[in-house]
Amino acid sequence: INSDYSGPEKILEKKKDFLMPCSYHFYKNPPQLVKGKGATLFDSKGKEYTDFFAGVSVMSCGHCNDLINKRVMDQLQTLQHTTSIYLTQPVVDLAEQLASVLPGNLRRSFFCNSGSEANEGAMLLARVYTGKKEFIALDGSLHGRTFLSSGANGIPMWRTDPFCDEVPVHFASSSEDVKKIMEEKGDRIAALLVEPIQGNGGIRPLPSDFFTSLRPMMKEKKILLICDEIQTGFARTGKMFAIEHYGVQPDILTGAKALGNGFPIGFFASTDAIASTFTKPSASTLGGNPVSCQAGLGVLEFIRKENLIEQARIKGEQLKKGLLEISRDCPFLGEPRGFGLMLGLPVSSYQDMDGAERCDLILEEMKDRGFLIGKNGLGRDVLAFQPPLVISSEMISLMLENLKKTVRK
Ligand code: PMP
């Protein structure tokens, strides 16, 4: 496969010349990826990797999934795009199927093209429905790059806009904090926005009783719960949606990433009552396009057919158990956390090396050994394991063996 590709060095040069300088890499020598199948990726030099990051929880159904791509190819060759002023089948079929898998009575969707847009729309809907302007978000959260959504980012490095404080968001670090803000300012707050498991914040699940004391007050003060499932949704955590681990019913749920398995799609969904206020004309040019919706339909079909919810739970248990064993024998690894196949392993400072630096060394060596792992966390010091849900248990065992060797040195 070599000769057709320019190679990583040339790509880095072109990125420097022609792309905005805001992009960054995990590796000193990032590979040029040219091919993928299932949980396996290949680079321009023919080296094979097992993918433990899945493009940040996107490729849950695996790279180049035949079932999904057949639907997409058939659609591409039949009708690629029209505007939503005409009628097309895939968008209504996908909305109907989403309604059957979304928690409780969330059954009306609005489709867009990314996670940021999904949260932007959800926050807008919360304002429209409540007539209130302000929000509560959590420290360590990441919700997007657009105006309202980035205003809700609780990770300093993702607050890019120098004026993002113009979005009225109160940040909280615990359920008690949220309660206090609601007590004082509830009449101005439209919604509480949460990720059930913070992804970029370091794979940090909310405490199991997080919502217990909040829900009654939210109902009373007409504060909506927006659940950002952009990284956690669609079987990733061993449930269709991660909020199911908490037994609460969100008012609005947002999704993106895994619903497209590589094709751009995002949505926010809500109840009939909340949706009934969203009547002013609003449309996304490409949101709900037949091709992305076919990808979404393919993803839902594949999740059902391959039992990916169960797979994520079983493989997740295997991975968590293995990570726990490794971390117990290692002075700089904390306990693994997360649900299903969304697991984080914190790396702490030890002897003369800080956690972030060691995290990078582990990533680099694991890459050389043929395993692409992610990283996140406020200090960029958490190893992130979010493989395609089709990963085999042999692949997990092999990765664990290699990780063990890597951290033992
Ligand atoms: N919410 C969460 C939880 C995310 O992880 C991300 C992206 N990492 C976003 C929102 C934004 O999604 P997008 O990049 O598709 O705009």
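In this predicted model, a hairpin is formed by strand 2 and strand 3, with four residues between them. Gly 46 sits in the turn and takes a positive phi of about 90°. The two arms, strand 2 (residues 40-43) and strand 3 (residues 48-51), pair in the antiparallel sense over three bridges, and Thr 40 has Thr 50 of strand 3 standing opposite.

The hairpin belongs to a bigger picture: an open sheet of four strands, running in the order 1-2-3-15 with mixed pairing. At its edges stand strand 1 (33-37) and strand 15 (371-372); each has a single partner strand, so one side of each goes without a neighbour in the sheet. Strand 15 joins in through strand 3, the two pairing in the parallel sense over two bridges. Thr 50 turns up again here, this time standing opposite Phe 371 in strand 15. Put together, strand 3 pairs antiparallel with strand 2 and parallel with strand 15.

Next comes the other open sheet, which has seven strands in the order 4-12-11-10-7-5-6, again with mixed pairing. Here the edges are taken by strand 4 (108-112) and strand 6 (169-172), each with a single partner strand, so one side of each is left without a neighbour in the sheet. On average, and with direction ignored, neighbouring strands of this sheet are turned by 20° against each other. One of the pairs in the sheet is strand 5 (residues 134-138) with strand 7 (residues 189-194), parallel and held over four bridges. Within that pair, Ala 137 has Leu 193 of strand 7 as its bridge partner. Helix 5 packs on the sheet, touching strand 4, strand 5, strand 7, strand 10 (224-228), strand 11 (252-255) and strand 12 (266-270). The direction of helix 5 makes about 25° with that of strand 12.

Helix 5 (residues 115-130) also matters for the ligand shell: three residues come from this helix, the largest share. In total, 16 residues surround the ligand, and the closest are Ser 114, Gly 115, Ser 116, Ile 230 and Gln 231. Sorted by class, the shell holds nine polar, four nonpolar and three charged residues.

Then there are the helix pairs. Packed helices are described by the angle between their axes and by how far apart those axes are. For helix 3 (residues 66-76) and helix 10 (residues 290-305), the angle is about 155° and the axes are 8 Å apart. With an angle over 145 degrees counting as roughly antiparallel, that is how helix 3 runs relative to helix 10. The crossing of helix 3 past helix 10 is right-handed. On the helix 3 side, the contact is made by Leu 67, Ile 68, Arg 71, Val 72, Gln 75 and Leu 76; helix 10 brings residues including Pro 290, Val 291, Leu 297 and Phe 302. By class, this contact of helix 3 with helix 10 has 10 nonpolar, three polar and two charged residues.

Helix 11 (residues 308-328) and helix 13 (residues 393-408) pack at about 15°, their axes 10 Å apart. These two helices are therefore roughly parallel to each other, and helix 11 passes helix 13 in a right-handed crossing. Lys 315, Gln 318, Leu 319, Gly 322 and Ile 326 of helix 11 meet Ser 393, Ile 396, Leu 400, Leu 403, Lys 404 and Val 407 of helix 13. The contact of helix 11 with helix 13 divides into six nonpolar, three polar and two charged residues.

How values were computed:
Residues are numbered from 1 along each chain as its sequence is written. This is a predicted model: local features need pLDDT of at least 70, side-chain atom pairs count only at pLDDT 80 or more; totals for chains, interfaces and linings use all residues. A residue is near a molecule or strand if its C-beta atom, placed from the backbone, lies within 6 Å of it. Ala, Val, Leu, Ile, Met, Phe, Trp, Tyr, Cys and Pro count as nonpolar, Asp, Glu, Lys and Arg as charged, and the others, Gly among them, as polar. Axes are lines fitted to C-alpha atoms, for helices over the stretch in contact, and angles run from 0 to 180 degrees between N-to-C directions. Angles under 35 degrees count as roughly parallel, over 145 as roughly antiparallel, 65 to 115 as roughly perpendicular and the rest as oblique. A crossing is left-handed if the near helix is turned anticlockwise from the far one by less than a right angle, and right-handed if clockwise. Two residues are in contact if their C-beta atoms, placed from the backbone, lie within 7 Å. Two strands pair if DSSP finds at least two bridges between them.
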